[in-house]
Structures are given as structure tokens and as C-alpha cells.
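I opened a fresh page for this model. My plan was to go from the whole chain down to single residues.

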Amino acid sequence: MPDSTPHTRVCRDCDGFATAAITTGTRHPDGTRATLRVTCPACKGTGRTLPAALARAGK
């Protein structure tokens with residue numbers, strides 16, 4: 001049976017996990033942890049990449 005859904009290319013740098021929350025070890029006055037949100041610089045937080053031909057064309 002053919003697959004009808006198109007395959008999206010997963011970013012090879014982050015493997016599709018484009019955003020990570022990193023704890024700093026400190027706590028806010030209300031007791032919650034202070035975290036930093038970091039996105040993948042290669043895919044800019046989307047988790048996907050464009051095919052090389054489209055990336056060169058600027059689309």
C-alpha cells in the first residue's frame with residue numbers, strides 16, 4: 001500500500017527536537033526553576049530543513 005503522506009525532512013543537527021529548555025539551577029521567588037529556552041540555530045526552531053535545491057534557490 002503506497003504511503004500518501006509526504007515525508008518532511010528532519011533537521012540533521014537537532015534530529016527534530018528543535019527547542020530545549022535548560023534549567024540554570026536557580027529558583028524564582030515563587031519556587032519555580034529559572035530556565036533558558038534554546039532553539040536549534042540550523043533550522044531556527046522548526047525541526048525541519050528544506051531540500052538543498054530549495055535552499056540554494058532561496059525559497
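**Entry 1: an exposed loop residue.** I started at K44. K44 counts as exposed because its relative accessibility is 66%, and the cut-off for exposed is over 50%. I placed K44 in the loop between strand 2 and helix 1, the helix at 52-57. I then checked the backbone. The phi of K44 is positive, near 60°, and K44 is not a glycine. I am working on a predicted model.

**Entry 2: the whole chain.** I stepped back to count elements. I found one helix and two strands in the protein chain. Read from the N terminus, the order is β-β-α. The chain has 59 residues, and 12% of them count as buried. I noted an accessible surface of about 5200 Å² for the chain. Carbon and sulfur atoms hold 56% of that surface. I also looked at contact range. Among contacts between residues at least 6 apart in sequence, 45% join residues at least 24 apart.

**Entry 3: the hairpin.** How do strand 1 and strand 2 run relative to each other, parallel or antiparallel? I found them antiparallel, with six bridges joining residues 19-27 to residues 33-39. I followed one bridge: A21 is partnered by R37 in strand 2. The two strands form a hairpin, with five residues between them. In the turn I picked out G31, which has a positive phi of about 100°.

**Entry 4: the turn end.** I looked at H28 next. H28 sits in the loop between strand 1 and strand 2. H28 counts as partly exposed because its relative accessible area is 41%. Beyond four places in sequence, H28 touches R33 and A34. I then moved back to G25, in strand 1. Is G25 buried or exposed? I read 53% relative accessibility for G25, so G25 counts as exposed. Setting aside neighbours within four places in sequence, G25 is in contact with R33 and A34. I also took a distance across the hairpin. G25 and T35 are ten residues apart in sequence, and their C-alpha atoms are 8.2 Å apart.

**Entry 5: the start of strand 1.** I went to T19, which belongs to strand 1. T19 is partly exposed, since its relative accessible area is 37%. Which residues does T19 touch, not counting those up to four places away in sequence? I listed R37, V38, T39 and G45. I came back to K44 here. T19 and K44 are 25 residues apart in sequence, yet 9.1 Å apart in space, C-alpha to C-alpha.

**Entry 6: the core.** I asked which residues make the largest nonpolar core. I found five: C11, C14, A18, C40 and C43. As background, I noted that nonpolar side chains in soluble globular proteins tend to be buried together. I took A18 from the set and listed its contacts, leaving out residues up to four places away in sequence. A18 touches V38, T39, C40, C43, G45, T46 and G47. Two of these names, C40 and C43, are in the core list as well.

**Entry 7: the nonpolar patch.** I turned to the surface. I22, L36 and V38 make a nonpolar patch of about 250 Å². I looked closer at V38, which lies in strand 2. Why does V38 count as partly exposed? I read its relative accessibility as 40%, and partly exposed covers the range between under 20% and over 50%. V38 is also among the contacts of A18 and of T19.

**Entry 8: a second positive phi.** I finished ahead of the hairpin. D15 is in the segment before strand 1. D15 has a positive phi of about 60°, although it is not a glycine. Is D15 buried or exposed? D15 counts as exposed because its relative accessibility is 56%. I filed D15 beside K44, whose phi is likewise positive in a residue other than glycine.

Terms used. Residues numbered from 1 in each chain as written. Predicted model: local features only at pLDDT ≥ 70, side-chain atom pairs only at ≥ 80, totals over all residues. Heavy atoms only, no water. Pairing = 2+ DSSP bridges. Helix = DSSP H or I, 4+ residues; strand = E, 2+ residues; numbered from the N terminus. Patch = residues over 30% accessible without salt bridge, like charges linked within 9 Å, V, L, I, M, F, W, Y side chains within 5 Å. Areas by Shrake-Rupley, 256 points an atom, 1.4 Å probe, with all protein chains shown as cover. Salt bridge = Lys/Arg side-chain N within 4 Å of Asp/Glu carboxyl O. Buried < 20%, exposed > 50% of the residue type's maximum accessible area, 1.4 Å probe, protein only. Core = buried A, V, L, I, M, F, W, Y, C linked by side-chain atoms within 4.5 Å. Contact = heavy atoms within 4.5 Å.
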